[in-house]
Amino acid sequence: MNVFDWLRHMDVPVSQRFDVVEVKFKGGRKEYFRNINQLEFITGDYVVCEMASGQHIGTVSLQGELVRLQMKRKNVVINDDMHVIYRVATEKDLDKHTQAMAREMPTLYRTREIIREMKLNMKLSDVEFQSDNTKTTFYYSSEERVDFRELIKSLASEFKVRIEMRQISLRQEASRLGGLGSCGRELCCSTWLTDFKNISTAAARYQNLSLNPAKLSGQCGRLKCCLNYELETYIDALRDIPTVDVPLKTKKGVAVLQKTDIFKKIMWFGFDKDTNWYPVAISKVLEIMELNKKDIIPESLEILTPQVERTAVDRAPGKINSDLENLDKKYSEEQKKKKKKKSRSGKNKNNANKPQASSPQKTD
């Protein structure tokens, strides 16, 4: 969600600077404002922005020529109706903003109670107060159309602010709430992903993934966005792999396709009464398919089984994790030396504490 400003070190004359600034608000929401007063900003500065009703405080996320590119990508048009930036936020402005943010969680819990009392089929996920406490935006998700006119009246009378209800999708809800994915990292939608594309089960089929909803679904309950990340690579690799609709006929028996190693270009086949799977190169599979079309049956798949090249690790199994083994030997030898030193020092102490026996004197 952040864009690296690689033009920040370029000094541009004030008259030639692009006067639109990108400002980021709660939940990763970004809007564009005109800097008509030619104020000097640093990325991360808190600024007071003009809103449709009142004013709101956000942080400067991007400025300069890159803002022009972002607006072009998002089809944002510059016109006279575009809101402006008033000033850099003062301590008094930030105090009001902090007080407004402190009202969000109690308002969220209380609104959920009201929704439960009215028995509305909607899920309230987040509340955002405007910095001047004149407007509150409620973000909710629902699978059906909700009549919340009575809810708005109740909320307006209780919180004494202007109410706006904004419906968001389940993916947007997950991005606002955040969390950790099954990969152990923070959710893509809450860190850097901004565009949510359609994801179908065909993406899982192309990648030979098991169609298990528990594994393919994200925290939003929809298919994971990361299913699209490597999809194009798999589609390019599958172009060279033939479609085996009919089992291969050999003199040993009928061979059925069990699995396909897409990137190694190897297809695994198994016979009816044989538990072993035999790897066959794609070129050999095409050969057998052509022979079967001509009613020619080859001997067996085993003859055509490719010999997989042994890697350097397979050729030298003793060298696997050799660095770790050397470290273990080093520390084990040091521990043995320490134990020997301790045992020797203990023996010397015991010998020193023992009374020495007097040797008998010889008499003439």
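**Exercise 1. In this predicted model, determine the strand order of the open sheet of 3 strands and find which strands stand at its edges.**

Solution. The strands of this open sheet follow the order S6-S7-S8, and their pairing is mixed. Strand S6 (123-129) and S8 each have a single partner strand, so one side of each is left without a neighbour in the sheet, and these two stand at the edges. Averaged over the sheet and with direction ignored, neighbouring strands are turned by 25 degrees against each other. Turning to the pairing of S6 with S7, one finds 6 bridges in the antiparallel sense, and leucine 124 has tyrosine 140 of S7 as its bridge partner. Helix H5 packs on this sheet, where it touches S6 and S7, and its direction makes about 55 degrees with that of S6.

**Exercise 2. Work out which residues of helix H4 (residues 149-159) are buried, and what they pack against.**

Solution. The buried residues of H4 are Leu151, Leu155 and Phe159. They cover an arc of only 40 degrees around the axis, which puts them on the same side of H4. The general background is that an α-helix has 3.6 residues a turn, so residues three or four places apart point the same way. The face turned away from the buried side carries Arg149, Glu150 and Lys153, which are exposed. As for packing partners, the buried residues of H4 lie against helix H3 (104-118), strand S7 (135-141) and strand S8 (162-167). After H4 comes lysine 160, whose phi is positive, near 60 degrees.

**Exercise 3. Describe the open sheet of 5 strands and the helices that lie on it.**

Solution. The order is S2-S1-S4-S3-S5, with antiparallel pairing. Strand S2 (30-34) and strand S5 (85-88) are the edge strands, since each pairs on one side only. Neighbouring strands are turned here by 45 degrees against each other on average, direction ignored. Strand S1 (residues 20-24) and S2 run antiparallel and are joined by 5 bridges, with glutamate 22 standing opposite tyrosine 32 in S2. Helix H1 (residues 65-73) lies across S1, S2 and strand S4 (55-63), at about 105 degrees to S4, while helix H2 (residues 91-102) touches strand S3 (46-50), S4 and S5, its direction making about 110 degrees with that of S4.

**Exercise 4. Locate serine 190 and decide whether it is buried or exposed.**

Solution. Serine 190 belongs to the loop between helix H5 (170-177) and helix H6 (201-206). Its relative accessible area is 17%, and because buried means under 20%, serine 190 counts as buried. The side chain of serine 190 reaches the backbone oxygen of leucine 187 at 3.0 Å.

Definitions and conventions:
Residues are numbered from 1 along each chain as its sequence is written. This is a predicted model: local features need pLDDT of at least 70, side-chain atom pairs count only at pLDDT 80 or more; totals for chains, interfaces and linings use all residues. Side-chain values use heavy atoms; hydrogens and water are left out. Buried means under 20% relative accessible area, exposed over 50%, partly exposed in between (1.4 Å probe, protein chains only). Helices (H or I, at least four residues) and strands (E, at least two) are DSSP runs, numbered from the N terminus. The arc is that of the directions from the helix axis to the C-beta atoms. Contact means heavy atoms within 4.5 Å. A polar contact is a pair of N or O atoms within 3.5 Å; within protein, one must be able to donate a hydrogen and the other to accept it, and residues adjacent in sequence count only if both atoms are side-chain atoms. Two strands pair if DSSP finds at least two bridges between them. Axes are lines fitted to C-alpha atoms, for helices over the stretch in contact, and angles run from 0 to 180 degrees between N-to-C directions.
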